[in-house]
Amino acid sequence: MSGGSGDSFVIAIDGPAASGKSSTAQWVADELQFLHVDSGALYRAATALAVRELGAADSWEEARVVELASDVTLVPGKTSFEPRIRGEAAEEEIRGADVTKCVSRVAQMPAVRAWVNEQVRRAAVGHSVVVDGRDIGTVVFPEADLKIFLVADPWERARRRLTQRLGRRPAEAEIAEETERLVQRDAKDATQTVQARDAVLLDTTYLTQAEQVERIVALARAVASSSRIVEVEDEGSRRVRSYRPA
Ligand code: CDP
């Protein structure tokens, strides 16, 4: 497949909190042998450093947070780019409640957004990627080959997130609390969570993950084969469609 930035193919998957973007993006990347880039993990890693070093979140200054963010690197692995904090993986820390509580504040800082966007764009140079976030199809890769906007009912998103986190069936009261937290984070992230005009909207409330992955992979294959259709001029100087060899 080709297109996107240089010779790489870019799939952008955006949507609200816990809409299944990251797990879907990773699965799609595995199917297509692309690399997954989780832009939210970079916001989380920068936030984790601020939690470690800067005390109460109310006093965090943008310049200080972005300076700390320079200790985060995005390292290519076999199937994804992984953030490292001072060279160390920090998956558990970046997914923890302290970071989740403060990440939307850090994500409002323009200098942090510019830093994340640069890391993500750099990852796509020379690699075909599936990138998930909030503004990937609008700001980071407006020319992405395929854009998906994933949505799901908030209660269902909360149920899925808790099942993944707790490893058991959550109680109704737990789902209600988590729904409230998700809806609040959606409100804080609303400005940057934008569906691109040319994105395909996928409501996953009643889909299994396998079904949603299958749809995105099918769309990617369709785009890749149609991108071999090019416009050329015929002998009468009319624009006609022709096929570029694979
Ligand atoms: O996994 P979940 O959907 O809960 O969130 P995430 O993708 O890990 O992103 C964590 C936070 O980073 C979000 O709540 C946003 O505040 C921010 N974010 C953003 O502003 N723009 C992005 N492209 C990705 C994440």
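The legends below describe close-up views of a predicted model.

In this predicted model, local features require a pLDDT of at least 70 and side-chain atom pairs count only at pLDDT 80 or more, whereas totals for chains, interfaces and linings use all residues. Residues are numbered from 1 along each chain as its sequence is written, and side-chain values use heavy atoms, with hydrogens and water left out.

**View 1. The nonpolar cores.** The largest nonpolar core has 42 residues, among which Trp 60 and Phe 141 touch the most other members. A nonpolar core is a set of buried Ala, Val, Leu, Ile, Met, Phe, Trp, Tyr and Cys residues joined through side-chain atoms within 4.5 Å. Buried denotes a relative accessible area under 20%, exposed over 50%, and partly exposed the range in between (1.4 Å probe, protein chains only). Helix α2 (residues 39-53) supplies the largest share of this core, eight residues; helices (H or I, at least four residues) and strands (E, at least two) are DSSP runs numbered from the N terminus. A second, separate core of 19 residues has Ile 11, Ala 25, Leu 150 and Ala 220 among its members.

**View 2. The surroundings of Phe 141 and Pro 142.** With residues up to four places away in sequence not counted, Phe 141 touches Val 10, Val 120, Arg 121, Ala 124, Val 131, Ile 136 and Lys 147, a contact being heavy atoms within 4.5 Å. Pro 142 lies in the loop between α7 (136-140) and β7. With a relative accessibility of 41%, Pro 142 is partly exposed. Its contacts, leaving aside neighbours within four places in sequence, are Ile 136, Gly 137 and Lys 147. The C-alpha atoms of Pro 142 and Ser 23 are separated by 22 Å, and these residues are 119 apart along the chain.

**View 3. The crossing of helices α2 and α5.** The axes of α2 and helix α5 (residues 97-107) come within 8 Å and cross at roughly 110°. Helix α2 is therefore roughly perpendicular to α5. Axes are lines fitted to C-alpha atoms, for helices over the stretch in contact, with angles from 0 to 180 degrees between N-to-C directions; angles under 35 degrees count as roughly parallel, over 145 as roughly antiparallel, 65 to 115 as roughly perpendicular and the rest as oblique. From α2, Tyr 43, Arg 44, Ala 46, Thr 47, Ala 48 and Val 51 meet Asp 98, Val 99, Thr 100, Cys 102, Val 103, Val 106 and Ala 107 of α5. The residues of this contact comprise nine nonpolar, two polar and two charged. In this classification Ala, Val, Leu, Ile, Met, Phe, Trp, Tyr, Cys and Pro are nonpolar, Asp, Glu, Lys and Arg are charged, and the others, Gly among them, are polar.

**View 4. Salt bridges of helix α2.** A salt bridge is defined as a side-chain nitrogen of Lys or Arg within 4 Å of a carboxyl oxygen of Asp or Glu, and by this rule the count is 18. Arg 52 and Glu 93 form one such pair, at 2.8 Å from N to O. This pair joins distant parts of the chain, with Arg 52 in helix α2 and Glu 93 in helix α4 (residues 91-95), 41 residues apart. Arg 52 is partly exposed at 42% relative accessible area, and Glu 93 is partly exposed at 29%. A further salt bridge pairs Arg 86 with Glu 53 at 3.1 Å, N to O. Here Arg 86 belongs to the loop between β4 (80-85) and β5 (88-89), Glu 53 belongs to helix α2, and the two are 33 residues apart. Arg 86 has a relative accessibility of 40% and is partly exposed; Glu 53, at 39%, is also partly exposed. The phi angle of Arg 86 is near 50°, a positive value in a residue other than glycine.

**View 5. The loop between α9 and β8.** Asp 198 forms a salt bridge with Lys 147, the closest N and O atoms being 3.0 Å apart. Asp 198 is in the loop between α9 (172-188) and β8 (200-203), and Lys 147 is in strand β7 (residues 146-151), 51 residues away along the chain. Lys 147 is buried, at 6% relative accessibility. Arg 197 also lies in the loop between α9 and β8 and is exposed at 87% relative accessibility. The C-alpha atoms of Arg 197 and Gly 137 are 9.1 Å apart, for residues separated by 60 along the chain.

**View 6. The loop between β1 and α1.** Ala 18 is placed in the loop between β1 (10-14) and α1 (21-32). Its phi angle is near 55°, a positive value in a residue other than glycine. Ala 18 is buried, with a relative accessible area of 8%.
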